[in-house]
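Work through the exercises below with the sequence and the structure at hand. Try each task before reading its solution.

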Amino acid sequence: MPHRKLFLKQHSHLCVTCSQPAMVLLMDDKNFHSYNDGEGASYFGGYFCNFPADIDIPMAGIWNVVIEPAQNHTDLAMKWSTKTGHSF
């Protein structure tokens, strides 16, 4: 499970590109720990087949980005970036 911890600003967007369908999850620390423990967790994002996935950042802070590929492949290619702007 690829994971990265990022500081993201409110009203920015997380753009994720992946070489295969995947769950792209954005969670705070509390929910990330619940997710790792196999418990229920709240997150932003979801299952994406078409990329780039563009997720609005609801508030500034430290966020955990988790990418769960639909199939376990060792050749998973992915990248992410952020962009600023306001959602309408």
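Helices and strands are DSSP runs, numbered from the N terminus, with at least four residues for a helix and at least two for a strand. The model is predicted.

**Exercise 1.** Find where phenylalanine 51 lies, and decide whether it is buried, partly exposed or exposed.

Solution. Start with the strands: phenylalanine 51 sits in the loop between β4 (44-48) and β5 (53-56). Next take its relative accessibility, which is 23%. Buried means under 20% and exposed means over 50%. Phenylalanine 51 therefore counts as partly exposed.

**Exercise 2.** Which residues does phenylalanine 51 contact, leaving aside its neighbours within four places in sequence?

Solution. Search for heavy atoms within 4.5 Å. The contacts of phenylalanine 51 are Val16, Thr17, Cys18, Gln20, Pro21, Ala22 and Val24. One of these, cysteine 18, is buried at 8% relative accessible area. As a further step, compare positions along the chain and in space: phenylalanine 51 and cysteine 15 are 36 residues apart along the chain, and their C-alpha atoms are separated by 8.6 Å. Cysteine 15 is buried as well, with a relative accessible area of 14%.

**Exercise 3.** How many disulfides does the whole structure hold?

Solution. A disulfide is a covalent bond between the sulfur atoms of two cysteines. The cut-off for the two sulfur atoms is 2.5 Å. Searching the whole structure gives 0 disulfides.

**Exercise 4.** Find the aromatic pairs and describe the geometry of each.

Solution. A pair of aromatic rings is described by the distance of the centres and the angle of the planes. There are 2 pairs in the structure. In one, phenylalanine 44 and tryptophan 63 have ring centres 5.9 Å apart and planes at 80°, an edge-to-face arrangement. This pair links distant parts of the chain, since phenylalanine 44 is in strand β4 and tryptophan 63 is in strand β6 (residues 61-69), 19 residues apart. Phenylalanine 44 is partly exposed at 39%, whereas tryptophan 63 is buried at 5%. Phenylalanine 48 and phenylalanine 51 also pair: their centres are 6.4 Å apart and their planes lie at 40°, so this pair is tilted.

**Exercise 5.** Which residues form a salt bridge, and where do they lie?

Solution. Side chains of opposite charge can pair when their charged atoms come close. The count is 1 salt bridge. Lysine 5 pairs with aspartate 29, with 3.1 Å between the closest N and O atoms. Lysine 5 belongs to strand β1 (residues 3-8) and aspartate 29 to helix α1 (residues 29-36), so the pair links distant parts of the chain, 24 residues apart. Lysine 5 is partly exposed at 47%, and aspartate 29 is partly exposed at 29%.

Note on methods:
Residues are numbered from 1 along each chain as its sequence is written. This is a predicted model: local features need pLDDT of at least 70, side-chain atom pairs count only at pLDDT 80 or more; totals for chains, interfaces and linings use all residues. Side-chain values use heavy atoms; hydrogens and water are left out. Buried means under 20% relative accessible area, exposed over 50%, partly exposed in between (1.4 Å probe, protein chains only). Rings of Phe, Tyr and Trp (its six-membered ring) pair if their centres lie within 6.5 Å; planes under 30 degrees apart count as stacked, over 60 as edge-to-face and the rest as tilted. A salt bridge is a side-chain nitrogen of Lys or Arg within 4 Å of a carboxyl oxygen of Asp or Glu.
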